[in-house]
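Work through the exercises below with the structure open. Try each task before reading its solution.

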Amino acid sequence: MATTKTSIATLQKMKREGAKISSLTAYDSSFAKLMTEQGVDFILVGDSLGNVVQGRDSTVPVTIDDMVYHTQCVRRGANNAFVIADMPFMTYSTPEQAYEVAARLMQAGANMVKLEGGQWLVETIEGLKTRGIPVCAHLGLLPQSVNVLGGYKVQGKEQQQADDTLNQALALEKAGAQLLVLECVPASLGKRITEQVSIPTIGIGAGADTDGQILVMHDMLGMNSDYLPKFAKDFLGQGGSLADAFRSFAEQVRSGEFPTSEHSYK
Ligand code: KIV
């Protein structure tokens, strides 16, 4: 299947037109190529590679050298793909540090960088955008803060926390973020934020009403036989090839068949 070049403008247009956006994580060239060929709209080189590639129990130990290496691998496999790369834990604690680290990821082949956090990132996001580096924000469950949160828990269940998350989303959009990942929040909050921001929202465990969906590739291939997160679905377990699984994910996101209330939090 031929692939055309995707950009942030493509994703913005999809939001305007109400077309659902599909996205998966990838960490190497072969998977990046295959999923792009099967119609997945963009790729995240997630620091989840700490868990699924390196076998660690969190994303905290992932380094910038790890991220540069895997971003280069993904870019080689998927020339035309829109690729976002995660900035690892404690590599954006000051704006100046963020500029240097983000530059490395962009030079490795990323089209955009992703940072976890709210209001405290406003200055950093403004500075990155001014310097030509597009930013994807990430709110809700922040895996890099797992040690502060005390575990991987649904966020924004209380009214006050939900209101705070919405206000942070608006502040990050105002600062210049062009995309927003919402992780593990109630479906009602995913919908509320999506309606109030003009940038595309991409949910993982954020209900069916975000502008798009993202899953960790290993989850949607059912690679952990002990555990499938509530928000994920095993697309390979349905039978067929890897290509079929990626195509089916993209099609089910597009058609609204995935996710259902079974994959969402109340
Ligand atoms: O690192 C990652 O894979 C992510 C997704 C969970 C969105 O940030």
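The exercises go from the overall fold to the ligand site.

This is a predicted model, in which local features need pLDDT of at least 70, side-chain atom pairs count only at pLDDT 80 or more, and totals for chains, interfaces and linings use all residues. Residues are numbered from 1 along each chain as its sequence is written, and side-chain values use heavy atoms, without hydrogens and water.

**Exercise 1. Describe the fold and its dimensions.**

Step 1. Count 11 helices and eight strands (DSSP runs: H or I of at least four residues, E of at least two).

Step 2. The radius of gyration is 17 Å, close to the 18 Å from the globule rule for 266 residues, so the protein is as compact as a globular protein of that length. The radius is taken over C-alpha atoms; the rule is 2.2 Å times the number of residues to the power 0.38.

Step 3. The C-alpha trace spans about 45 × 40 × 40 Å along its principal axes.

**Exercise 2. List the ligand's shell and sort it by class.**

Step 1. Residues around the ligand (a heavy atom within 4 Å) include Thr25, Leu44, Ser48, His138 and Glu183.

Step 2. The shell has four nonpolar, four polar and four charged residues. Gly counts as polar here.

**Exercise 3. Find side-chain polar contacts to ligand oxygen atoms.**

Step 1. Apply the cut-off: N or O atoms within 3.5 Å.

Step 2. Lysine 114 gives 2.8 Å. Aspartate 86 gives 3.0 Å. Aspartate 47 gives 3.1 Å.

Step 3. Check the cover: the protein hides 96% of the 260 Å² accessible area that the ligand has on its own (Shrake-Rupley, 1.4 Å probe).

How values were computed:
A polar contact is a pair of N or O atoms within 3.5 Å; within protein, one must be able to donate a hydrogen and the other to accept it, and residues adjacent in sequence count only if both atoms are side-chain atoms.
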